[in-house]
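Please open the structure in a viewer and keep the selection panel at hand. The stops below are given in the order in which they may be selected.

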Amino acid sequence: MIPEIFVWTILLVPIVSFLMISLIIRPFFNGYAKVSGYVTILAVGLAFLLSIWTLGSVIGDGGKLSFPSRTWLTIDEFVLRLGVMVDSLTAIMLVVVTGVSLLIQIYSQGYMARDPSYARYFAFMSMFTASMVGVVLASNIIQLYVFWELVGLSSYLLIGFWYHRPSAAAAAKKAFLVTRLGDFGFLIAILYIFFNGLPLEIDAIHEAVKVGLLGGLGLTWVAVGIFAGAIGKSGQFPLHVWLPDAMEGPTPVSALIH
């Protein structure tokens, strides 16, 4: 079984890559911008290898790994915990996200070789990868929503990467605003769960549905709200209008978004 620290590392290494490029390489070593590509590839490659290990552990442990959550915020009786949830679907998606991202980062080295904002590109790609991994690993719905919004921010920055082009700037704003409509439905679903005293952990929400604590019209609205967020991010009708314009970003970005 993979130790918990290595599961967290899958999320942390692209975050460290983003911070290294943004805070060290870009401001102080911009003449060595090519290093940012290697840093990103190394980080995502490590995350990919750990994801394969995680998948193997899940297969060998009966389909799910259990790790304790940790208290992050306490306000009166409200307690928000942070943790990672690793089941069979999570493990498969970790391999998909990190594997596809790794291939795209390798390809991007050649594609972006002559771009003056080479380091900025790889910083954003590291953040995008970390955001997607965070969505996959989130153990509660608040944690999921935070990374969900970071995916939206990363998409905005990458679609509008060549912001000096009016068409790219407009496409980025369009994607950001349209996906916010879907995310509003997601937020309403979270607020419904919170104000009805239901648990915020994803596993606990599932159990609440099975025992009938969340059912009927309430369950329908929660499901519709969460699905609205997915419709916006994945470019489904009627919130699909931003997706064709997203091609204004660099081609590898389009591949990662899809």
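The model is predicted. Begin with the lining of the largest pocket, to which α3 (88–111), α4 (118–137), α5 (141–159), α6 (166–195), α7 (202–211), α8 (216–234) and α9 (251–257) each contribute at least two residues. The volume of this largest pocket is about 1300 Å³. Its lining comprises 45 residues, and those closest to the pocket centre are Met-93, Val-135, Val-136, Leu-144 and Trp-148. Colouring the lining of the largest pocket by residue class gives 34 nonpolar, eight polar and three charged residues.

**Val-136**

Remain at the pocket and select Val-136, one of the residues closest to its centre. Val-136 belongs to helix α4. Is Val-136 buried or exposed? With a relative accessibility of 17%, Val-136 counts as buried, because the cut-off for buried is under 20%. Display its surroundings next: not counting residues up to four places away in sequence, Val-136 touches Met-85, Thr-90, Met-93, Leu-94 and Val-97. Of these contacts, Met-93 is also listed among the residues closest to the pocket centre. A distance may then be drawn from Val-136 to Pro-14: their C-alpha atoms are separated by 14 Å, and the two residues are 122 apart along the chain.

**Helices α1 and α2**

Pro-14 leads to the next selection, since it is one of the α1 residues in the contact with α2. Select residues 4–28 for helix α1 and residues 34–60 for helix α2; the two pack at an angle of about 175°, and their axes are 8 Å apart. Helix α1 is therefore roughly antiparallel to α2. On the α1 side, the contact includes Phe-6, Val-7, Ile-10, Val-13, Ser-17, Met-20, Ile-21 and Ile-25. On the α2 side, the residues include Val-35, Ser-36, Val-39, Ala-43, Leu-46, Leu-50 and Trp-53. The residues of this contact of α1 with α2 divide into 15 nonpolar and six polar, with no charged residue.

**Ser-36**

Within helix α2, centre the view on Ser-36. This serine is buried, and its relative accessible area is 0%. Which residues does Ser-36 touch, not counting residues up to four places away in sequence? They are Ile-21, Ile-25, Tyr-118, Ala-119 and Phe-122. Ile-21 and Ile-25 belong to α1.

**Leu-158**

Move now to Leu-158 in helix α5. Leu-158 is buried, with a relative accessible area of 0%. Leaving aside neighbours within four places in sequence, Leu-158 is in contact with Tyr-121, Phe-124, Met-125, Phe-128, Gly-249, Pro-250 and Val-253. For a distance check, choose Arg-120: it is 38 residues from Leu-158 in sequence, and 9.7 Å separates their C-alpha atoms.

**Phe-67**

Select next the loop between β1 (64–65) and β2 (70–75), where Phe-67 is found. Phe-67 has a relative accessible area of 15% and is buried. Apart from neighbours within four places in sequence, its contacts are Met-1, Ile-2, Pro-3, Glu-4, Val-7, Val-84 and Val-86. Val-7 appeared earlier in the tour, in the contact of α1 with α2. A line from the C-alpha atom of Phe-67 to that of Ser-234 spans 30 Å, with the two positions 167 residues apart along the chain counted as their separation.

**Pro-238**

Finish in the loop between α8 and α9, which holds Pro-238. Inspect the bond that joins Phe-237 to Pro-238: this peptide bond is cis, with omega about 5°.

Definitions and conventions:
Residues numbered from 1 in each chain as written. Predicted model: local features only at pLDDT ≥ 70, side-chain atom pairs only at ≥ 80, totals over all residues. Heavy atoms only, no water. 1 Å grid on protein atoms, 1.4 Å probe; cavity = no way out; pocket = protein on both sides within 12 Å on 5 of 7 lines; lining within 4 Å. Points joined across faces, edges and corners; volume = space filled by probe spheres on them. Helix = DSSP H or I, 4+ residues; strand = E, 2+ residues; numbered from the N terminus. Nonpolar A, V, L, I, M, F, W, Y, C, P; charged D, E, K, R; others polar. Axes fitted to C-alpha atoms, helices over the stretch in contact; angles between N-to-C directions. Parallel < 35°, antiparallel > 145°, perpendicular 65-115°, else oblique. Contact = heavy atoms within 4.5 Å. Buried < 20%, exposed > 50% of the residue type's maximum accessible area, 1.4 Å probe, protein only.
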